Amino acid sequence: MRAARRGFLGVAAAFAAAATGTGTGSAEATTWRGRAWGRGDGDDPHAGAGHGGSGHMGGDLPGANRGHDLAHGDPLHGDRGGLGRAGLDRPSTATLTPFMDALRVPPVIRPRGPRLTVEMRSVDRRLHSQLPPTRLWTYGGHFPGPTIEVRRGQRLEVAWKNDIEDERVPVTAVEVFAPVGIQPNPYVVPGRSGGTPRADVAVIPPWLVVHLHGAVTGAGQDGWSENGQFPGETQIVEYLNDQPAATLWYHDHSMHISTWTLFAGLIGMYLIRDEQEDLLGLPDGGREIPLVITDRNFEVDPDGRLTGGLLHKVTYAEAGPPKITAGFRGPYTLVNGMVWPYLDVEPGWYRFRLLNACNTRTYHMMIIDEETGRPMPGTIRQIGTDAGLLPAPVTVDSPLILSPGERADILVDFTGCGGRRLRLVNVLDDNPPAPPISRESTPGLPYPEMMQFRVAYGGGSDLFVPPPALSPTFTRTTYDSLPADRNHRIVLTKVLGGRHAEMWEMEEVDAASVTIPSDGVVQLRGADGRVRTFRRISRDPDDTVNFYGELGKCEHWTFINAATALHPMHIHLMRFQILSREEYDVGGFDMKLCGTTRPLAFKRTGVVQEGEKGWKDVVRLGDAEVVEIAGRFEGGTGRYAYHCHLLEHQDTGMMRPLIVFPPGVGALRLAHQHTA
């Protein structure tokens, strides 16, 4: 692309057609290596027709620059060995212009044979045309990685080959003191804010292991967090893909360090398709697009100009030790690896596969009209959740909420929007989406913009109509449908109290058998007024395994959040449904004592949104909530894990093992246990 870019929005571009990975025969392996940037790679937007700049809200974004005139040359490409002089000569700036760069669409791999090789590589990429190249760790040379697409029942052996060139992770990590209420909070400011780089993060090696999130597969194929591979080594796994059509994703899962390895770019989507989905006639081809959402911060040079270097800056509120930091929230939202991109669309229906791949940030998303700042009612229909299709489309007029690890399969109707520009924006829970939505109406989130849709002129001739039913085999799980012999697990989450966020496994006990109050003892008063008493039986990842499941047996889990901090809880090998949400008064939980001085008390019944009532593998455990879910372990056995999907929480202890046995084997385990 050799087009000058001027003004606020610059030159538009059509998104790239997805590339298809190929094999040479049924016994051959498909290799996705990735190349130096070039047209046809799938991430490279082809040059398109020019659009004038509107200048709208330019000053509302960090360093937004209305008048910057970029040099000629290709602004986005920057691969080691493939960065031309035009890219090297581009000036770095202290400003980023929103909606300047076209959305990248990751290439698509549809394996023809039974084997696929994906190389993990270090590359340099521009995440915005005004940024210098950013050093990344990637799958196949792309951030996000290529979208792997398979059919249900298509077994696929994947060789995840570690060819990372860097000796250490390309992320600078700092911790900054920020008193409660300080404005602006350092997390919305580029640069280190006086923080000293963490020496322990600076020496993290490329010790990596891939987890296919949401996959029904054996434990040996699941990507156990402690089974990392060094450069030159290969993780070979077989994915059965014997599950309904769903939006999965793959990412690094290495123990204690995934906070920074995913931050460096090790993220990609994985789609399973089946005949039931085929019959729906949903938008496909160029009208089915993955949207991988992340947030990032960047380093600055001594002159305050952005360098493109990845910066993981977190804050802590108490000056004295221990430093208990908040999770990462960056000022820049990226969609498919681009900061505030735009997408040219026709006035018709589109299907978007949304993934929140952030470390910590939960997004509350709406589409608004750029001219009026008002929401677009009836525009979004949700058709799927993490693990499959909903029974019927759900119109989403309130914010669509996605916490880290969650996915949403949505349809967006642009048919009546010819010639308009729309925005996908992030709004806050405690700030109702009253129009117009702008920085001024979301004071706690200074930069709500995520991406822009530029709708072509014309009325459009799209004849697609969302089907009234999606999954005729879907059955809603209720308390009444749970079998009496189900396994019941109780998990409590907490923060503060001089320790990092924790996840406790609990067992119910007679109140007379424990000291009240005391460390690890929690009482709960439910909606019926009954007080139940629970005792902690584990708190750290390396504590004794307590959760033993049986293949195919019903699992009923209760998550208790004793703090005002959201936790997205992910269980490997299980797709489940949410039974209920309840709000509790958690003022009786003493963070220092690590127990209750008075029972946690039921306040009111919470809301399970219609878009949450499908099959899930991540559930949002909201502030001071008790959430119950039910599902089954199906399709695999062995040692798995469950954890909070806030990466900073996961890496500091909120991950625990669980073991799934075939029927009959678990009983033998109990029979062989020695008793005192």
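This briefing walks through one mixed sheet and several salt bridges of the structure above. The model is predicted. The sheet is open and has 5 strands, with strand β22 (residues 363-369) mostly covered. Across the whole structure, a search finds 49 salt bridges, and three pairs plus one network are described here.

**The five-strand sheet**

- Let's start with the layout: the strand order is β20-β28-β27-β22-β25, and the pairing is mixed.
- The edges belong to β20 (342-345) and β25; each has a single partner strand, so one side of each lacks a neighbour in the sheet.
- On average, neighbouring strands of this sheet are turned by 25 degrees against each other, with direction ignored.
- As general background, strands of a sheet pair through backbone hydrogen bonds, either parallel or antiparallel.

**Strand β22 and its partners**

- How many of the 7 residues of β22 are buried? The count is 7 of 7, which fits its description as mostly covered.
- In general, side chains in a regular strand alternate between the two faces of the sheet.
- For β22, one side carries Tyr-363, Met-365, Ile-367 and Asp-369, while His-364, Met-366 and Ile-368 sit on the other. Both faces are covered, with all of these residues buried.
- Towards β25 (residues 400-402), β22 is joined by 3 bridges, and the two strands run antiparallel. Here His-364 stands opposite Ile-401.
- Towards β27 (residues 421-426), β22 is joined by 5 bridges, again in an antiparallel arrangement. Asp-369 has Leu-422 of β27 as its bridge partner.

**From β27 on to β28**

- Strand β27 is also joined to β28 (residues 449-455), through 5 bridges between antiparallel strands.
- Within this pairing, Leu-424 stands opposite Met-451 in β28.

**A buried salt bridge**

- A general reminder before the pairs: side chains of opposite charge can pair when their charged atoms come close.
- Arg-351 and Glu-277 meet through their side chains in a salt bridge, at 2.8 Å from N to O.
- This pair links distant parts of the chain, 74 residues apart: Arg-351 belongs to strand β21 (residues 349-356) and Glu-277 to helix α4 (residues 275-278).
- Are these two partners buried or exposed? Both Arg-351 and Glu-277 are buried.

**Partly exposed salt bridges**

- Glu-508 and Arg-530 form a salt bridge between their side chains, at 3.4 Å from N to O.
- Glu-508 lies in strand β30 (residues 502-509), and Arg-530 lies in the loop between β31 (521-525) and β32 (531-538); the two are 22 residues apart.
- Glu-508 counts as partly exposed because its relative accessibility is 38%. Arg-530 is partly exposed too, because its relative accessible area is 48%.
- Asp-585 and Arg-598 also meet in a side-chain salt bridge, at 4.0 Å from N to O.
- That pair is 13 residues apart, with Asp-585 in strand β36 (residues 574-585) and Arg-598 in the loop between β38 (595-596) and β39 (600-605).
- At 33% relative accessibility, Asp-585 counts as partly exposed. Arg-598 is likewise partly exposed, with a relative accessible area of 43%.

**A salt-bridge network**

- Which residues are linked in a network of salt bridges? The acidic members are Asp-386, Glu-406, Glu-612, Asp-617 and Glu-625.
- The network also includes Arg-407, Arg-581, Lys-616 and Arg-620.

Notes
Residues are numbered from 1 along each chain as its sequence is written. This is a predicted model: local features need pLDDT of at least 70, side-chain atom pairs count only at pLDDT 80 or more; totals for chains, interfaces and linings use all residues. Side-chain values use heavy atoms; hydrogens and water are left out. Buried means under 20% relative accessible area, exposed over 50%, partly exposed in between (1.4 Å probe, protein chains only). Helices (H or I, at least four residues) and strands (E, at least two) are DSSP runs, numbered from the N terminus. Two strands pair if DSSP finds at least two bridges between them. Axes are lines fitted to C-alpha atoms, for helices over the stretch in contact, and angles run from 0 to 180 degrees between N-to-C directions.
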